[in-house]
Amino acid sequence: MTARLVVLISGNGSNLQAILDACAEGTLPARVVAVFSNKPEAFGLERARRAGVPAIAFPKRDGESRADYDLRLAEAVTSFRPDYVILAGWMRLLTMAFLGRFPQRVVNLHPALPGTFPGVHAIERAYAAWQRGEIDRSGVMVHLVPDEGVDSGPVLGVEEIRFRPAETLEAFEARVHEVEHRLLVKTIQEIIAKDANCPNFS
Ligand code: GRF
């Protein structure tokens with residue numbers, strides 16, 4: 001069974017690229033059926049176009065409420081009948097108006113360990129905490145998004161990254177992204193393997 005993935009992005013799309021490459025190589029039994037970005041200028045949309053995947057710029061309309069945006073987004077995503085919705089560098093909080101349409105099927109990537117540095121700039125905040133001597137490691141996690149909690153759902157995959165002496169933020173960030181690309185694909189592989197008969201959403 002080839003799982004149908006809809007991927008939501010907001011920027012560069014390097015994690016999307018890792019998924020696209022794994023699908024193309026056959027290491028991930030899935031197909032990206034659509035990519036949505038709330039930022040029309042996101043380079044990740046270009047990555048989707050190059051892979052022949054529908055690339056949908058989906059900005060919030062002027063005056064549109066968060067709930068109305070999420071309902072409109074849910075309708076558009078549902079039309080692609082996803083088995084899973086992957087948040088890969090997606091930078092908007094989603095309400096239950098969206099999440100409620102895909103129970104147990106929304107998966108998020110967050111560049112920090114469970115329970116640490118929720119929200120934006122997690123990599124930079126972890127690095128600063130290390131420099132203050134508060135932590136000696138950070139990491140990456142992939143988790144379900146059952147509700148409106150920020151980066152707090154049931155953990156599906158996690159990998160620790162120990163800081164290296166005198167490491168620069170740029171060097172640390174590069175290592176984080178390498179772990180993200182690998183952990184995200186591995187975790188999606190595991191999810192699909194456990195859920196042999198992925199029910200497409202009607
Ligand atoms: C990644 O660290 C992701 O976890 C965060 O945004 C960064 C860029 O991701 N949310 P991508 O290159 O757009 O996939």
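**Chatting through the fold**

Student: Let's start with the core. What share of the 202 residues is buried?
Tutor: Buried residues make up 50% of the 202 in the protein. Keep in mind that this is a predicted model.

Student: Okay, and how many helices and strands are there?
Tutor: The protein has six helices and seven strands. Starting at the N terminus, the order is β-α-β-α-β-α-β-α-β-α-β-β-α. The radius of gyration is 17 Å, close to the 17 Å from the globule rule for 202 residues, so the protein is as compact as a globular protein of that length.

Student: What does the C-alpha trace span along its principal axes?
Tutor: About 50 × 45 × 30 Å.

Student: And which contacts hold residues at least 24 apart, what percentage?
Tutor: Counting contacts between residues at least 6 apart in sequence, 66% join residues at least 24 apart.

Student: Let's zoom in on helix 3. Why does its span agree with what it should be?
Tutor: Helix 3 covers residues 66-78, which is 13 residues; at 1.5 Å a residue it should span 18 Å, and its end C-alpha atoms are 18 Å apart, so the two agree.

Student: Which of its residues are buried?
Tutor: In helix 3 those are Tyr69, Asp70, Arg72, Leu73, Ala74, Ala76, Val77 and Thr78.

Student: And what do they pack against?
Tutor: The buried residues of helix 3 pack against strand 1 (3-9), strand 2 (30-37), strand 4 (84-87) and helix 4 (96-99).

Student: Switching to charges, how many positive and negative side chains are there?
Tutor: There are 23 positive and 25 negative ones, and the centres of the two sets lie 3 Å apart.

Key: Residues are numbered from 1 along each chain as its sequence is written. This is a predicted model: local features need pLDDT of at least 70, side-chain atom pairs count only at pLDDT 80 or more; totals for chains, interfaces and linings use all residues. Side-chain values use heavy atoms; hydrogens and water are left out. Helices (H or I, at least four residues) and strands (E, at least two) are DSSP runs, numbered from the N terminus. The radius of gyration is taken over C-alpha atoms; the globule rule is 2.2 Å times the number of residues to the power 0.38. Buried means under 20% relative accessible area, exposed over 50%, partly exposed in between (1.4 Å probe, protein chains only). Contact means heavy atoms within 4.5 Å. Lys and Arg count as positive and Asp and Glu as negative; His and the chain ends are not counted. The place of a charge is taken as NZ of Lys, CZ of Arg, CG of Asp or CD of Glu. The expected span of a helix is 1.5 Å times one less than its number of residues.
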